[in-house]
Amino acid sequence: SESASIGEELEYEIIGIDPGAGIMEQTSDVLPAYGLEKWEVQESSGAAMTAELGSAIDDEEPIIVTGWIPHWKFFEFDLKMLDDPKEVYGGEEEINTLVRKGLKEDMPGAYTFFDQFQWEPDHLQNVMLKIENGQSEQEAAKEWAENNEDLVNTWVEGAEPGNGATVKVPYVAWADVIASSNVVKYVMENELDYQVELLQVEPGPMFASVADGSADAMVGAWLPSTHNDYYEKYEGDFEDLGVNLTGTRNGLVVPEYMDIDSIEDLKD
Ligand code: PBE
């Protein structure tokens, strides 16, 4: 046909996020795996990516972004994640909680909390949506925690109060990690008398600070694929408390109105 290919229409550009994100590394493997050498991933940020997505949708323009589940954007917009038949994005993944060595001895109550912290993608998505819809991060966390008291009780059960001790939690400004870290802060401060200092950092320092003990715990380790490089680099220098959520997924995301379904469809 004479119509422009999807690549030509988009000038072979995919809107990415921050360069240290695991999904950026994965996408740089996806392009050659599917013969998409003409395509490039534009570095951006989680917030700028969703802003571009929103304005493309307002104008019913085509757009391709790096995207992940759970995320509020799937509530706000009609979107689809393109099939990844080669599973270069690793399929379904989980999120783990990592703590510094020695946390168990120094702050047993915090350790018990992090060990028991576990929820579902719908919960996380709900908090993300509240924040996106204008609530402050702590208001969103509070409202969610109040509506999910039984679940929250399973996290704090048997955990010794902190008597005001400070717990340092590094996080990256991705919507999901912002939401989960703020829920942790709200619950630990309100149920366990800890003070939680949230430290916004780049992905490398999020892992490095828990590994070198300058931070206490992180709740956004996407495994086994997304953060594999960071995980392996620091393995042995942190304690992995296991899964806090299962059922995440990374990929290329497009508006529903686009006439493509698979990453394979991006080839001219
Ligand atoms: N994400 C959200 C992150 C992990 C959490 C998928 C953007 C990443 O790609 O590293």
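Me: How many Å separate the centres of domain 1 and domain 2, taken over C-alpha atoms?
Reply: This is a predicted model: local features need pLDDT of at least 70, side-chain atom pairs count only at pLDDT 80 or more, and totals for chains, interfaces and linings use all residues. Residues are numbered from 1 along each chain as its sequence is written. The chain divides into domain 1 (6-91 + 250-266) and domain 2 (93-248), with bounds from an automatic or database domain assignment. Centre to centre, over C-alpha atoms, the separation is 27 Å.

Me: What is the mean pLDDT of the protein chain?
Reply: pLDDT is the predictor's confidence in each residue, from 0 to 100. The model scores ipTM 0.98 and pTM 0.95. In the protein chain, 99% of residues reach 70 or more, and the mean pLDDT is 97.

Me: Which element gives the largest share of the side of domain 1 that touches domain 2?
Reply: The contact (C-beta atoms, placed from the backbone, within 7 Å) takes 16 residues from domain 1 and 20 residues from domain 2. Helices (H or I, at least four residues) and strands (E, at least two) are DSSP runs, numbered from the N terminus. On the domain 1 side, α2, β3 (65-69) and α4 (73-76) each supply at least two residues. The largest share, 4 residues, comes from α2.

Me: Why does the ligand lie between two domains, and which are they?
Reply: The shell has 14 residues, the closest being Ala21, Gly22, Ile23, Trp68 and Trp174; a residue is near if its C-beta atom, placed from the backbone, lies within 6 Å. α2 (22-33), α10 and β8 (217-223) each give two or more residues to it. Both domains give residues to this shell, so the ligand lies between domain 1 and domain 2.

Me: How many residues of the shell around the ligand are charged?
Reply: Ala, Val, Leu, Ile, Met, Phe, Trp, Tyr, Cys and Pro count as nonpolar, Asp, Glu, Lys and Arg as charged, and the others, Gly among them, as polar. The shell divides into 8 nonpolar and 5 polar residues. The number of charged residues is 1.

Me: Which helix gives the largest share of the largest nonpolar core?
Reply: A nonpolar core is a set of buried Ala, Val, Leu, Ile, Met, Phe, Trp, Tyr and Cys residues joined through C-beta atoms within 7 Å. The largest one has 55 residues, and Val127 and Met188 are among those with the most contacts inside it. The largest share, 10 residues, comes from residues 175-192, helix α10.

Me: Is Glu60 buried or exposed?
Reply: Glu60 lies in the loop between α3 (46-58) and β3, and has a positive phi of about 50° although it is not a glycine. A residue is buried if 20 or more other C-beta atoms, placed from the backbone, lie within 10 Å of its own, exposed if 12 or fewer, and partly exposed in between. Glu60 has 9 such atoms within 10 Å, so it is exposed.

Me: Which residue is joined to Pro224 by a cis peptide bond?
Reply: Most residues other than glycine have a negative phi, and most peptide bonds are trans. One cis bond joins Ile69 and Pro70, with omega about 5°. Pro224 sits in the loop between β8 and α12 (228-234). Its cis partner, with omega about 5°, is Leu223.

Note on methods. Two residues are in contact if their C-beta atoms, placed from the backbone, lie within 7 Å.
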